[in-house]
Every structure is written in structure tokens, then in C-alpha cells.
Amino acid sequence: MIAIRSLWIAALISMLWGLGASRLPAAQSTPQDSLTAKLTPADIEEGKALFAAQCSSCHGVDGSGGMGPNIRGSAQRRGDQGLFSVIRNGIPGTGMPGISSLNDKRATQVVAFVRTFGASGAEEAVKGDAAKGKAVYAASGCAGCHSIAGEGGVSGPELTRLGNARAPRYLHDMLMNPGAKPPADPALAERAGFTGYLITNVVTKDGQKVTGVRVNEDSFTLQLRDAAGKYYSFDKSDLKKVETEPGKSLMPSYTNLSATELDDLIAYLTSLKGAQ
Ligand code: HEC
Ligand code: HEC
């Protein structure tokens, strides 16, 4: 594919060469930002509609983020070609899927639209204080279920590079009502089909009741992990009842935090950007 594209570019350059020296500057401008240079306002309108259809559910209609991060300023930071390739290939191993339904022309129109957000506004203002938020995290028992850089529990998703992946607004909703909008990351195997942390209630034939999330299942057995991290493996023939509770989460809601504590906690979570 890349080989084909460079052949095509080579052909184009030699064609432009043939058209005379006056056309050369366009062909020689940096590949970084030249992709969208010739697009018209109509293309940008197309890009806006495509963005609304293909990107806004995760990044918000204005690119300021939600389940996905704020991408205002992305075109300027990555260059047209860099953004194009994120759209084309996604970011492997993260919740950013490759958007294969956009052909090259449409992906370029989306790049042009993202460019109109401008270079500023890349960092949504977080009101809180990350250092204080770290203390709120420690005092709230979050580490019982979540790990950061290898430290902590396993009942909830790892948060090591959460700040790259989610916008503050989403974190706020998550802390207030964890079950309402569980993170839907089709690219993360553990969350495929939105059911990664789906609450499952089990009653065995001899009356034992267990609530946990499903870790694994096959035709004969079912494995759960409860909120305390305890692991259970059941023989399905021993179970009287298996029920799931969509819309609920093992994670408690943190409506008890004050507005300041919540802001600080969100600032801390947003600051988690992995090893960089
Ligand atoms: C299913 C949700 C989802 C959809 C749909 C989606 N994204 Fe993303 N995107 C994400 C997530 C999550 C990340 C963060 C990945 C990570 O963990 O680093 C991301 C990251 C990105 C990044 C890198 C962040 C940066 O600041 O440079 C860009 C650029 C991006 N997305 C652009 C787009 C565009 C453009 C579209 C539409 C064509 C799109 N995304 C569609 C979820 C999505
Ligand atoms: C009893 C276990 C438990 C505790 C305690 C807990 N969580 Fe969670 N958390 C989860 C689970 C499980 C999920 C996955 C969401 C779902 O249920 O679908 C989650 C999801 C999240 C997410 C979304 C992660 C993502 O990738 O989008 C964030 C952020 C989060 N928790 C932060 C916190 C913070 C901050 C605290 C402490 C104030 C906390 N959690 C306490 C279990 C827990």
C-alpha cells in the first residue's frame, strides 16, 4: 500500500515537473501539512459531517473529548499525515480503532476539519490540583481495585495511562455513576462487546450466592472475580441461576466526595500518562 502510494506520488511529481517550474513549490512543500492544503470549504463541511458520524461519539462534536481524549490541536501537533495515519490505522493496543470506512479522500476531509479546531484548547482546563488528588485517590480505596504502574488491585481496569485515553468530563461521569456508561473499548479484549466488567450474579444449587465480574466462560465452567479480587470457578452443572446486571458496576459511586476533592481527583487521573 505504502509502496503503491509512493509510486503514485513519484508519478505525480514527474507529472508536475512536466508542467513547468511554476508548479514546483506545491510538490516540494513539506509533506506534513500538504495533505489538506488544496481542500475547499466544501471539503471541510464534508469533513465536519464525517467527524460527527465517525468520531464524535468518542471525541465529542467539538473534539473536546469524552470517552476518548480531547483532540483539539491534534492536526497541528501530529501534522496532516500523522493525523491521517491515526485515522487510518488507529492506535494499536488502545481504544482508538482504525476507521476503515473512510476512504483516503474522506479521511483527508476529516483531517481538514480537525485542523479547524485550531492549535489551542488542546488541554481542557482541569480545575483541580493533581497532587491533592493523589491523596484523595489513596484515601478512597481506589487502589483496592485499580492498578497504576503495577501497584494495586485487579478488579477494575488499569489506570496507568488513563490521562491519554479519557477526557475529564468522562472521568467525572464515571465517578458519579460508574455503571451508566461503562468504558466501551472495542480494541481492548477485556472490554469487547461492552461486557468486560458486566456484573454477574450466581446462585449455586446448594444456595451459595456470589456477585462478581465474568473473567472467563466456556461450555462447562464459569469464572468470576468479586469486588475484593477473590477468584471463583464454577461447574455450570452446579449452578441454579446466572444473572447479569447491565448498567451496574462493581465500582461504587463517589458522590460523597466534595466538589473540590472531585476536581483534584480528576486532575490526578488526567495527569496519568504512563511512562513518558
Ligand atoms: C470508539 C471510540 C473512538 C472513535 C469512534 C474514535 N476515536 Fe480517536 N481515540 C479514542 C481513544 C480511546 C483514544 C485514546 C487512545 C489512547 O489510549 O492513547 C483516541 C485517540 C485519538 C487520537 C490521538 C490523540 C491525540 O491527541 O493526538 C486522535 C488524533 C484521534 N483519536 C482521532 C480520531 C478521529 C479523527 C476519529 C474519527 C475518524 C476517531 N478518533 C474516532 C477513541 C475513539
Ligand atoms: C470495588 C472495585 C472498585 C473500586 C473501589 C473503584 N473502582 Fe473504578 N472501576 C471498577 C470497575 C470494575 C470498573 C470498570 C467499569 C465497569 O464496571 O464497567 C472501573 C472503572 C473505572 C474508571 C474507568 C476506566 C477506563 O478505562 O475508562 C475509572 C476512571 C475509575 N474506575 C476510577 C476509580 C477511582 C478514581 C476510584 C476511587 C475513587 C475507583 N475507581 C474505585 C472497580 C472499582
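A residue is near a molecule if one of its heavy atoms lies within 4 Å of it. The model is predicted, so local features need pLDDT of at least 70, side-chain atom pairs count only at pLDDT 80 or more, and totals for linings use all residues. Residues are numbered from 1 along each chain, and ligands from 1 in the order in which they are written.

**Exercise 1.** Describe the shell around ligand 2 and its polar contacts, a polar contact being a pair of N or O atoms within 3.5 Å.

*Solution.* Begin with proximity: of the 26 residues around ligand 2, Cys142, Cys145, His146, Ser249 and Met251 come nearest. Next, take the side-chain N or O atoms: an oxygen atom of ligand 2 lies 2.6 Å from one in Ser249, 2.7 Å from one in Arg166 and 2.7 Å from one in Tyr170. Then turn to the elements: α10 (168-176) and α11 (259-270) each give two or more residues to this shell, and α10 gives the most, with 4 residues.

**Exercise 2.** Determine which protein atoms bind the iron atom of ligand 1, and what geometry results.

*Solution.* Counting as donors the N, O and S atoms within 2.8 Å of the metal (3.2 Å for Na, K and Ca), the protein supplies His59 (NE2) and Met96 (SD), lying 2.0 to 2.1 Å from the iron atom. Because His59 lies in helix α5 (residues 56-59) and Met96 in the loop between α6 (74-89) and α7 (104-115), the pair ties together parts 37 residues apart in sequence. The 6 donor atoms subtend angles of 86 to 178°, which makes the arrangement octahedral (opposite donors over 155 degrees apart, all others between 65 and 115).

Note on methods: Side-chain values use heavy atoms; hydrogens and water are left out. Four donors count as tetrahedral if all angles lie between 85 and 135 degrees; four count as square planar and six as octahedral if opposite donors are over 155 degrees apart and all others between 65 and 115; anything else is irregular. A polar contact is a pair of N or O atoms within 3.5 Å; within protein, one must be able to donate a hydrogen and the other to accept it, and residues adjacent in sequence count only if both atoms are side-chain atoms.
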